[in-house]
Amino acid sequence: MACLNLPLDIRYKPENMYLAGIIPGPKQPSLENLNHYIRPLINDLVDAWERGIKFSKTACYPDGRLTRSAVALVVCDLPAARHLSSLAGVSSHFYCSACDCYHKSTYGRVDFENWTPRDRDKLRAYAEQWRDAATSAEREALFKAHGVRYSELWRLPYWDPSRQLVIDPMHCLLEGLVPHHTRNLLGLTSKPIASASTPLAFSYDFGEVPSGTMTTKEMTQISTIQALLLSQMTISDEEAYFNKLKDSLFHKNMAPLKYICNTLGCTPQKIGRTFKIDYVKALLEWRRGKPLTAPQEEPQFGTAEVLGRIRDVIRDTSVPTWLGSVPSDFGEASAGTLKADEWRSLITVYLPIALVSLWGAGTSHTSDELSVRLRIVLDHTMELVCAVYLACARTMTTRRANAYRSYISGYVGKLKEIHPTFSLRPNHHASFHLYDYLLLFGPAHSWWCFPFERLIGILQRLPANHKFGELENTMLRSYIKATRLHRWLARTDCPPAIQECRVLFDRVYAPKGAPDPSQELAEDPMDDIVQVPDSAMTSMFDGIVYSRASTHMGNSQIFFYPNGDKSLAPVAASIKYIYGTLTAEMLFAVQRHLPLDLHDNHTIDPFSMYPDFPAKLYSTNLQSRLEKVKVSWVVSHFARWVISDSHIVILSLSRD
């Protein structure tokens, strides 16, 4: 748990986080059994809200203070969120915890203005009905009807899963939509794509199934019948295919068969009583009028040329040392499994630069048809890129949130049209609700799962005997010891012996390329400028490392406000020298990057088509005149890739 009252820069430090407990393995608790593990924590949270907790002494209140606290939000991946809240899983028809959208056939809905949040009072009533049910059969029937079991979280009087059980951007976007799009849709991998299902013979919009009209079993059969009708013929004998389809349909209930017939307008034309076989025959007749085999396979986008360009961009792009790296052999098995931060770097930096340089405006292809097709795929990909870029920004405004939802709506809405053989997923729907949580809780950076996943990684790396029952206690005690040491090191009254440990820790764990803090600056007798000695080719300000271009190109690339005037557009420049004044203020001597030649009517900037992706073409030349820049004028670093002999791509890495 993390305290939201703390400033963001210290909120997620291990010593400031509360490890409430570790659930013993080797498997997760089944269904509602998780309630037994979280009950002690909920007991404390109920007391903290209803009667408050008295602290005998705090930094600002030496005589103590009564405090009240509440759970603001719960953040985890979709399966864990459903497990913790005892709601139906994402693979069920009750796939959304935030709104009333129902049935898997509605994954692709983009009419978000018509979605209504799930009613908290109804959910509480359903949960309490399940808790008070006398038999297991009654509980099962209630769960099938409403998709809700009882969770200990309902003991919190303010608990509202539609607002507090948030969608995590890290899991939903960076480990969900981004890998699915790059690997499955674009095929950017050297390994064959494992298709979850046989490609459909054709696509058809069956519409949304009204909830409450059938049993859960019959609702499930509707999806199965729809899939059977869309399946392609995989055997050479057409009659054998239809006989097999007939048998499969006949094993379904009559109610869903009748519903599908009414939806398709192919009701049996028969006088008298109608039987199940009549509806089956009507569906078979409808199916005979549709394509029997899948359309021609989509063109392969992950060609050797495309993968080669992506790897070139990853290898040759100059970036600062703080930017997360991506394996240069991306797409190969040797690259391993990418982590969330690597997916973020790929989708917001390397992949768009590579694809725009290959498929964007001004590029040429073997045919006009291919050119149009690739441009459509590129524009669709850039909608996801811009959505992820905005969702990961460290500042959030209503305009940005609206732009994010607009991009996601365009991306999901066009998915089946551009890639008809691929199926939508729960993450496609969940991504819409990130808009609500960005407005409720602000930038995702302040509440997403990254710090908690890092903490889990720390716990997993602790030495242990791997004996369940002892393992959890070992991890908990080791974590507490480490956080206490961190706390002591941060105190001003830290004992000298422990201060010696702090010096050792700083030497061992200081960021790579960080300057030595003990280094003295020498005065230049020519003027009031003090130059950093040659041995100190880098300098740090607010935790960010800056370097001279001759030392590290990526750390030398900055955007700055001219003369510190924030009303002007930031300017791209390269640091040639690093100075310090007599008052220890850091200065840079920089050379500006020259913009494109205004008289060059033949060069098209393909990145200008995407206003929320801050990349731009520049000339490869630098301004010859040096310009002094204060470190406080700097906006951010930028990434730089040489696209041709006379042009470079510059991408702002500002996350604000």
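A salt bridge is a side-chain nitrogen of Lys or Arg within 4 Å of a carboxyl oxygen of Asp or Glu. By that rule, the side chains of Asp316 and Arg315 meet in a salt bridge, with N and O 3.2 Å apart. The model discussed here is predicted, and the report goes from the whole chain to selected helices and charged residues.

## The chain as a whole

The protein chain holds 21 helices and 14 strands. Its C-alpha atoms fill a box of roughly 110 × 75 × 45 Å, taken along the principal axes. Of the 656 residues in the chain, 45% are buried. Contacts can also be sorted by how far apart the partners are in sequence. Among contacts between residues at least 6 apart, 66% join residues at least 24 apart.

## Two helices compared with their expected span

Helix H7 covers residues 169-185. A straight helix of 17 residues would span 24 Å at 1.5 Å a residue, but the end C-alpha atoms of H7 are only 20 Å apart. H7 has a kink of about 30 degrees, centred on Pro179. The helix is largely enclosed by the rest of the structure, because 15 of its 17 residues are buried. After H7 comes Gly187, which has a positive phi, near 65 degrees.

Helix H11, residues 276-288, agrees with the expected value: its 13 residues should span 18 Å at 1.5 Å a residue, and its end C-alpha atoms are 19 Å apart. The buried residues of H11 include Asp278, Tyr279, Val280 and Ala282. Leu283, Leu284, Trp286 and Arg287 are buried in H11 as well. Among the elements that cover these buried residues are helix H8 (216-230), helix H9 (238-250) and helix H10 (254-264).

## Salt bridges

A search of the whole structure finds 14 salt bridges. The table gives three of them, with the N to O distance for each pair.

| Residue pair | N to O distance |
|---|---|
| Arg311 and Glu332 | 3.3 Å |
| Asp316 and Arg315 | 3.2 Å |
| Arg344 and Asp341 | 2.6 Å |

In the pair of Arg311 and Glu332, which meet in a salt bridge, Arg311 lies in helix H12 (residues 304-316) and Glu332 in the loop between H12 and helix H13 (340-359), so the pair ties together parts that are 21 residues apart in sequence. Arg311 counts as buried because its relative accessibility is 18%, and buried means under 20%. Glu332 is partly exposed, with a relative accessible area of 34%.

In the second pair, Asp316 is partly exposed at a relative accessible area of 40%. Its partner Arg315 counts as exposed, at 51% relative accessibility.

The third pair sits within one helix. Arg344 and Asp341 both lie in H13, three residues apart, about one turn of the helix. An α-helix has 3.6 residues a turn, so residues three or four places apart point the same way. Arg344 is buried, with a relative accessible area of 10%, whereas Asp341 is partly exposed, at 29%.

## Glu152 and its partners

Arg39, Glu152 and Arg155 are linked in a network of salt bridges. Glu152 lies in the loop between helix H5 (136-146) and helix H6 (161-164). With a relative accessibility of 6%, Glu152 counts as buried. Its side chain makes a polar contact of 3.2 Å with the side chain of Arg39. Another polar contact, of 2.7 Å, joins the side chains of Glu152 and Arg155. Leaving aside residues up to four places away in sequence, Glu152 touches Asn35, Ile38, Arg39 and Ile42.

## Arg124, a buried charge without a salt bridge

Arg124 lies in helix H4 (residues 120-132). This residue is buried yet has no salt bridge. The nearest side chain of opposite charge belongs to Glu128, 4.4 Å away, and a salt bridge has to fall within 4 Å. What lies 3.3 Å from a polar atom of the Arg124 side chain? The backbone oxygen of Leu156 does. Leaving aside residues up to four places away in sequence, Arg124 touches Trp154, Leu156, Pro157 and Trp159. Leu156 therefore appears both in the list of residues that Arg124 touches and as the residue whose backbone oxygen lies 3.3 Å from its side chain, a distance inside the polar-contact limit of 3.5 Å.

Key. Residues numbered from 1 in each chain as written. Predicted model: local features only at pLDDT ≥ 70, side-chain atom pairs only at ≥ 80, totals over all residues. Heavy atoms only, no water. Helix = DSSP H or I, 4+ residues; strand = E, 2+ residues; numbered from the N terminus. Expected span 1.5 Å × (residues − 1). Bend = angle between axes of the 7 residues up to and from the residue. Buried < 20%, exposed > 50% of the residue type's maximum accessible area, 1.4 Å probe, protein only. Lys, Arg positive; Asp, Glu negative; His and termini not counted. Polar contact = N/O pair within 3.5 Å; in protein donor to acceptor, adjacent residues only side chain to side chain. Contact = heavy atoms within 4.5 Å.
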